[in-house]
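Me: I would like to go through this model with you and ask, for each label attached to it, what justifies that label.

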Amino acid sequence: MNSEVPTSPPDVGDLLHQQGILSEKQLELVRRRQARLAIAQHQAIVDLNYASEEDTYRALATLNGLPFTDLSEVTLNKSLLEHVPLKLIFNNQLIPLALDGDLLTVAVAEPPRPIEQGNLRLLLNKRFQFVITTPSAIHATLRKHFGLGAETIRQLREERGPEDSDRESVFDVKATDDAAVQASIARFVDQILVEALRLDATDIHIEPYADQIRLRYRIDGVLHAVPVPAELRQLHAALVSRFKIMASLNIAEKRLPHDGRIAMKTGQESYDLRVSIIPTSHGETICLRVLGRQSLFLDLAQLGMEPEQESLMRQITELPQGMILLTGPTGSGKTTTLYATLAHANEEGRKIITIENPIEYQIEGVSQIQTRDEIGLTFASGLRSVLRHDPDVILIGEIRDPETAEIAVRSAQTGHLVFSTLHTNDSVSAITRLLEMGIEPSVLGSSLVASIAQRLAQRVCRHCLAPDLQPNPELLDEMAQALGIPLEDARAWVGKGCVECGNRGYRGRVALYEFFMLNDEIADLLEPGVKTNHLREAARRYGWRSLRELGWSKVQLTLISLAELQRLTRRIKPSEVS
């Protein structure tokens with residue numbers, strides 16, 4: 001194959017339009033973005049999400065007369081990787097695939113210009129054959145084989161000089177005051193944060209152990225390990241200090257937990273990072289929660305509720321008084337739902353006050369209070385003060401104790417619309433939890449409007465969606481019965497793994513909601529010691545359905561997999577315990 005690559009950029013959009021992937025209107029918008037930002041057309045297509053990255057770069061390869069390669073299906077030769085300098089691989093974003101004599105086959109995302117090809121030939125004394133792959137595939141391959149931060153380690157070695165070439169002197173913790181080391185650590189921290197944003201991670205965990213640092217991102221609710229070079233273990237102290245400086249924390253204190261915030265901006269997007277640092281036996285471990293300021297203001301229609309649930313939620317936000325609880329574990333999306341609900345209730349004629357710990361998002365037109373237990377500003381004490389400010393709508397970050405619960409239900413009785421969260425497994429359990437806190441049944445029955453349980457399920461990747469060829473027969477039978485359909489019509493789906501989802505089979509999340517609405521008949525059942533099962537049976541007569549039952553329709557609609565619904569809603573039966 002001729003290694004020379006055309007320099008004039010072909011029209012990728014036309015080919016995708018011919019393939020039926022892009023509409024005429026989308027192609028016009030792509031060209032406008034291309035002209036306005038002076039970027040390549042295939043980049044504009046990916047930015048606008050009009051076509052998958054794989055489809056776009058396959059078209060780019062076709063128009064350049066080059067083969068397309070899916071790197072997830074390629075086993076790389078480690079000895080070949082050692083033949084190409086690490087600096088060259090990272091600077092040119094290329095992956096060496098095969099060497100035949102002096103002909104080196106490399107995967108690239110962008111066809112190199114003739115001058116770049118010439119430079120590569122001079123540097124390696126090889127002829128080149130290029131194949132096209134996606135930028136995500138190259139990024140994932142580099143991370144898998146070299147680890148995140150490998151380039152930082154290389155630069156640090158170069159900056160320390162050949163006289164300090166042995167590992168111990170280059171990565172000696174005592175040398176971390178060196179400006180070169182600090183600059184490298186700053187670069188590595190930036191890489192960690194940018195990678196988290198690229199992967200849409202919600203949490204970043206950096207954990208020290210005896211001989212390694214483990215870096216993990218929580219993506220779509222599940223933790224995924226990210227490879228890092230082993231040498232970073234010797235730089236852990238400097239890494240922690242860097243995060244403390246960014247969060248305005250005391251770098252000298254290493255015995256006590258720390259909490260802080262970091263504000264950052266990438267492009268047009270602003271983010272807050274909630275930083276938590278705790279001491280462990282091998283050093284301080286770091287957890288960062290990524291709070292996207294721009295992603296907060298969701299419309300209720302964007303939450304993923306069923307149409308009747310969305311309609312019900314809109315009616316709830318218009319009520320003059322009452323209490324609405326959201327229940328579920330940490331990370332189930334309660335805060336996002338609460339804020340979307342507040343945004344819908346935020347009108348000129350209503351005063352809204354929140355009391356939270358911490359204030360995760362700033363909302364225009366809403367008075368927000370941060371609790372401070374150390375000075376006596378608790379949920380309960382703050383709520384008493386809030387009531388003196390004539391609010392129409394109150395958001396309580398969490399009901400944690402009987403005192404807060406008592407004030408919340410009383411507020412809902414006296415002309416306030418109260419929203420809060422409670423940590424229970426399902427919507428019905430919120431009732432028994434409040435009764436256990438000492439709330440009078442008559443007071444609870446007259447103040448609680450709805451209890452809503454929520455979970456976030458991993459969405460099956462749309463690009464590698466395929467029928468589940470080996471579904472669990474018991475789950476499939478349960479699904480058919482729940483949906484009232486013949487067993488042969490029940491369908492299950494999985495993601496095979498592709499470039500678009502990082503070979504995970506999942507991409508994004510789907511919210512599952514369980515609404516428990518309190519009416520007079522159910523309120524009459526409330527008494528100390530009432531059984532949750534009795535409340536569920538009563539609620540079922542009025543249309544209540546569990547999260548698991550509601551999730552089966554999401555499976556049938558190809559949104560989530562059987563395994564994911566089982567992960568979120570499984571209950572261990574006594575017969576399963578040996």
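The exchange below takes the labels one at a time and sets each value against its cut-off.

Me: Before the details, what kind of model is this, and how many helices and strands does the protein chain have?

Reply: The model is predicted, and its protein chain has 23 helices and 18 strands. The C-alpha atoms fill a box of roughly 85 × 65 × 60 Å along the principal axes, and buried residues make up 48% of the 578 residues. About 28,100 Å² of the protein chain is exposed, with carbon and sulfur atoms supplying 49% of that area.

Me: What makes β1 and β3 the edges of their sheet?

Reply: The sheet is open and has three strands in the order β1-β2-β3, with mixed pairing. Because β1 (94–100) and β3 (127–132) each have a single partner strand, one side of each is left without a neighbour in the sheet. Neighbouring strands here are turned by 25 degrees against each other on average, with direction ignored.

Me: How do you know that β2 and β3 are paired?

Reply: Two strands pair if there are at least two bridges between them, and strand β2 (residues 103–108) is joined to β3 by six bridges, the two strands running parallel. Within this pairing, Leu 104 stands opposite Phe 128 in β3. Helix α7 (residues 114–124) lies across β1, β2 and β3, and runs at about 130 degrees to β3.

Me: Why are Phe 128 and Phe 130 called a stacked aromatic pair?

Reply: Ring centres must lie within 6.5 Å to count as a pair, and planes under 30 degrees apart count as stacked; for Phe 128 and Phe 130 the values are 5.8 Å centre to centre and 10 degrees between the planes, and both conditions are therefore met. The structure holds one aromatic pair, and both Phe 128 and Phe 130 are buried.

Me: What makes β14 an enclosed strand?

Reply: All six of the six residues in strand β14 (residues 417–422) are buried, so the strand is largely enclosed by the rest of the structure. Both of its faces are covered, with Leu 417, Phe 419 and Thr 421 buried on one side and Val 418, Ser 420 and Leu 422 buried on the other.

Me: Which strands pair with β14, and in what sense?

Reply: Strand β10 (residues 322–327) pairs with β14 in the parallel sense over six bridges, and strand β13 (residues 393–396) is joined to β14 by four bridges, also running parallel. Ser 420 in β14 is the bridge partner of Leu 325, and Ser 420 is also the bridge partner of Ile 396.

Me: How do you know that Cys 464 and Cys 498 are not in disulfides?

Reply: A disulfide requires two cysteine sulfur atoms within 2.5 Å. The cysteine sulfur nearest to that of Cys 464 belongs to Cys 461 and is 3.8 Å away, and Cys 464 is accordingly in no disulfide. For Cys 498, the closest cysteine sulfur is again in Cys 461, at 3.7 Å, which is too far for a bond. By this rule the count comes to zero disulfides.

Me: Are Cys 464 and Cys 498 buried or exposed?

Reply: Buried means under 20% relative accessible area; Cys 464 has 4% and is buried, while Cys 498, at 8%, also counts as buried.

Me: Why is the positive phi of Asn 49 and of Asp 390 worth pointing out?

Reply: Most residues other than glycine have a negative phi. Asn 49 has a positive phi of about 60 degrees although it is not a glycine, and Asp 390 has a positive phi of about 55 degrees, likewise without being a glycine. Asn 49 is found in the loop between α3 (41–48) and α4 (53–63), whereas Asp 390 lies in the loop between α15 (379–387) and β13. Just after α12, Ser 248 also takes a positive phi, of about 60 degrees.

Me: What makes Asn 49 and Asp 390 exposed?

Reply: Exposed means over 50% relative accessible area; the value is 58% for Asn 49 and 62% for Asp 390, so both residues qualify as exposed.

Key. Residues are numbered from 1 along each chain as its sequence is written. This is a predicted model: local features need pLDDT of at least 70, side-chain atom pairs count only at pLDDT 80 or more; totals for chains, interfaces and linings use all residues. Side-chain values use heavy atoms; hydrogens and water are left out. Axes are lines fitted to C-alpha atoms, for helices over the stretch in contact, and angles run from 0 to 180 degrees between N-to-C directions. Contact means heavy atoms within 4.5 Å. Rings of Phe, Tyr and Trp (its six-membered ring) pair if their centres lie within 6.5 Å; planes under 30 degrees apart count as stacked, over 60 as edge-to-face and the rest as tilted. Buried means under 20% relative accessible area, exposed over 50%, partly exposed in between (1.4 Å probe, protein chains only). Accessible areas come from the Shrake-Rupley method with a 1.4 Å probe; for residues, only the protein chains shown count as cover.
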